Amino acid sequence: MKKRRGYTAGIICACILGLIPVSCSKNGSASAKSSSKAPVQINLVLLKVYDFSDAQKVQDEMNKILEKRYNIDVKLTYVDFGSWQQQTNLLLLGTDCDILPLFGTPLSTYVANGQLLELDDYYAKSDGTFKSIWSPVELQGTKVNGKLYSITNLRNFANKYSLHMSQKIVGELNIDISSVKTLEDITPVLAKVHKAHPEMYAMVPQTGDTFVNGWMWDGLGDESWIGVLPEKGQTAKVQNVFDTADFKQFTGMTHKWYEAGYIMSDALSNRESGESLVVNGKAFSFFNNDSNAAPVPGTVTSEIIAPWTVSNSYSALSYGISVNSLHPDESWTLLQALYTDADLATLLIDGVEGVHYVKNGNGSISYPAGVTATTSTYGGAAQYWAYPYAALTPPIDTLGSPDFFKELVAFNKSAIVSKAAGFLFDSTSITDQYTACVNVMNKYYKALLCGSIDPAKFIPQADAELKSAGVDAVIALKQQELDKFLKNK
């Protein structure tokens, strides 16, 4: 029998927060499975970035299809991005959460907490269409200790790292962006902009105090970067990120830019995104990790680092079934349908035709006249990356191409993949050393990346503090786990 976790407390907490509607259980009993032929209701928990006040309309239209084809009803429960972890953890305590995207918490943590259903048997019995979607490498990425716990969704698995620049300033100063291909190429561009517009930041962080979200090092599922694979993960030797040639080159360059006045001086206290600063005319450029999407209007880009995929990319956002689901079989049926049934996927992502979108002759869709992503009453098209499989749907025209999803699949396939793809680090046996190292990283990592401190002076200082904190033990364990993973892969 499946282990139930914290059922009563979870239901009470979730109801208090208003996450679970009173009508959530069609049976009138949260503990009894349906014994009739009436459709079984499955609660699909989803990430909310935009407005979804019309979710009920979409749910009703989906259920017309689901009842006829699968004898299932779906309940759409949208949870705000800002409170995602807290609220989904509460939902997972009870039995009303059936399917959810696993996001913001490592997949291995969900598994260690006993929150997810193993999916191997379901996957083995799934149809060929479903099995053809993901490659063995992509499927390996959502396994923990050899068992399948979730199915990755369609988004950019790879990132190319680009310099985003103000289109207006590029035109005004006649900057040849095709010649900007390396960090060294950026220097004269920043110098030119700084001279012409000293009132403007020549370069700002990607978002908040994060100067760039990654670069050439794979943290092996560890976003504190304590032990990495450099060179786009094309080596199997775990190293201290501060000692890699990639990190030293990057921070050496940003420190020169900072000293020259090109980088925002208060970058570590910044709270705005680079995109908003550039679009609003406060800055000229920022680094970003991109997919195949068109540049933000008002910006142009130059690729600096070609696309590559980090080890935990496939598990960073994937869909799983709660171990406490009262209807695991029907939950799997619905989950598989969301990856294979175009009618359902289009309703879930784009909403109702004529209400939330209109079709274009080229295969894309647009918002109705006068509506944007921020004013739509169902904003799914703008957050396609948060749903199971958007390739079944027409893309919104703001993505830049009617073939956007075909191009996204091709983009992912073209990327260099880390040798550690699918590996997830488990630090639980050395929690004290790991926590101490995180504290050191928090002190130096972001400051070094934005150039505000001299790497020649502070990398040796950071290394000494990391050594005292126990970094050698963390790296040794990460190497041991990686070696075992690669041997069994």
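**Exercise 1. Find the largest nonpolar core: which residues touch the most other members, and which helix gives the largest share?**

Start with the term: a nonpolar core is a set of buried Ala, Val, Leu, Ile, Met, Phe, Trp, Tyr and Cys residues joined through side-chain atoms within 4.5 Å. Buried means under 20% relative accessible area, exposed means over 50%, and partly exposed is in between (1.4 Å probe, protein chains only).

Step 1. The largest core has 76 residues, and Ile186, Trp215, Trp217, Phe242, Trp257, Phe284 and Phe287 touch the most other members.
Step 2. Helix α15 (residues 431-449) supplies the largest share of this core, with 10 residues. Helices (H or I, at least four residues) and strands (E, at least two) are DSSP runs, numbered from the N terminus.
Step 3. Now look for a second core: a separate one has 61 residues, including Phe52, Ile99, Leu347 and Leu348.
Step 4. For background, nonpolar side chains tend to be buried together in soluble globular proteins.

Before you go on, two notes on the model. It is predicted, so local features need pLDDT of at least 70 and side-chain atom pairs count only at pLDDT 80 or more, while totals for chains, interfaces and linings use all residues. Residues are numbered from 1 along each chain as its sequence is written, and side-chain values use heavy atoms, with hydrogens and water left out.

**Exercise 2. List what Phe242 is in contact with, leaving aside neighbours within four places in sequence.**

Step 1. Contact means heavy atoms within 4.5 Å.
Step 2. Phe242 meets Phe247, Lys248, Met441, Tyr444, Tyr445, Leu448, Ile459, Ala462, Asp463 and Leu466.

**Exercise 3. Work out the overall build of the protein: how many helices and strands are there, and what is the radius of gyration?**

Step 1. Count the elements: 17 helices and 13 strands.
Step 2. The radius of gyration, taken over C-alpha atoms, is 24 Å, close to the 23 Å that the globule rule gives for 489 residues, so the protein is as compact as a globular protein of that length. The globule rule is 2.2 Å times the number of residues to the power 0.38.
Step 3. The C-alpha trace spans about 75 × 55 × 40 Å along the principal axes.
Step 4. Buried residues account for 55% of the 489.
Step 5. Take contacts between residues at least 6 apart in sequence: 78% of them join residues at least 24 apart.

**Exercise 4. Place Thr152 and Glu223: is each one buried or exposed?**

Step 1. Thr152 sits in strand β6 (residues 151-152). Its relative accessibility is 1%, so Thr152 counts as buried.
Step 2. Not counting residues up to four places away in sequence, Thr152 touches Trp134, Thr142, Phe157, Tyr314, Leu317, Ser318, Tyr339 and Pro388.
Step 3. Glu223 belongs to the loop between α9 (183-196) and α10 (245-259). At 65% relative accessibility, Glu223 counts as exposed.
Step 4. Check a distance from there: Glu223 and Asn213 are 10 residues apart along the chain, with 9.6 Å between their C-alpha atoms.

**Exercise 5. Follow helix α2 to the residue after it: which residues are buried, and what is the phi of Asn71?**

Step 1. In α2 (residues 55-70), the buried residues are Ala55, Val58, Gln59, Met62, Asn63, Ile65 and Leu66.
Step 2. Those buried residues pack against β2 (72-80), α12 (328-340) and α13 (342-350).
Step 3. Asn71 follows α2, and its phi is positive, near 55°. Most residues other than glycine have a negative phi.
Step 4. Asn71 lies in the loop between α2 and β2, and at 33% relative accessibility Asn71 counts as partly exposed.
Step 5. For another positive phi in a residue other than glycine, go to Asn174, near 55°. Asn174 is in the loop between α8 (167-172) and α9, and counts as exposed at 66% relative accessibility.

**Exercise 6. Look at Ala381 and Pro402: in which loop is each found, and what does each one touch?**

Step 1. Ala381 is in the loop between β12 (365-366) and α14 (404-414), and Pro402 lies in the loop between β12 and α14.
Step 2. Ala381 counts as buried at 7% relative accessibility, whereas Pro402 is partly exposed at 32%.
Step 3. Leaving aside neighbours within four places in sequence, Ala381 is in contact with Ile349, Asp350, Tyr367 and Ile396.
Step 4. Not counting residues up to four places away, Pro402 touches Asn362, Gly363, Ser364 and Pro395.
Step 5. C-alpha to C-alpha, Pro402 and Gly422 are 31 Å apart in space and 20 residues apart in sequence.
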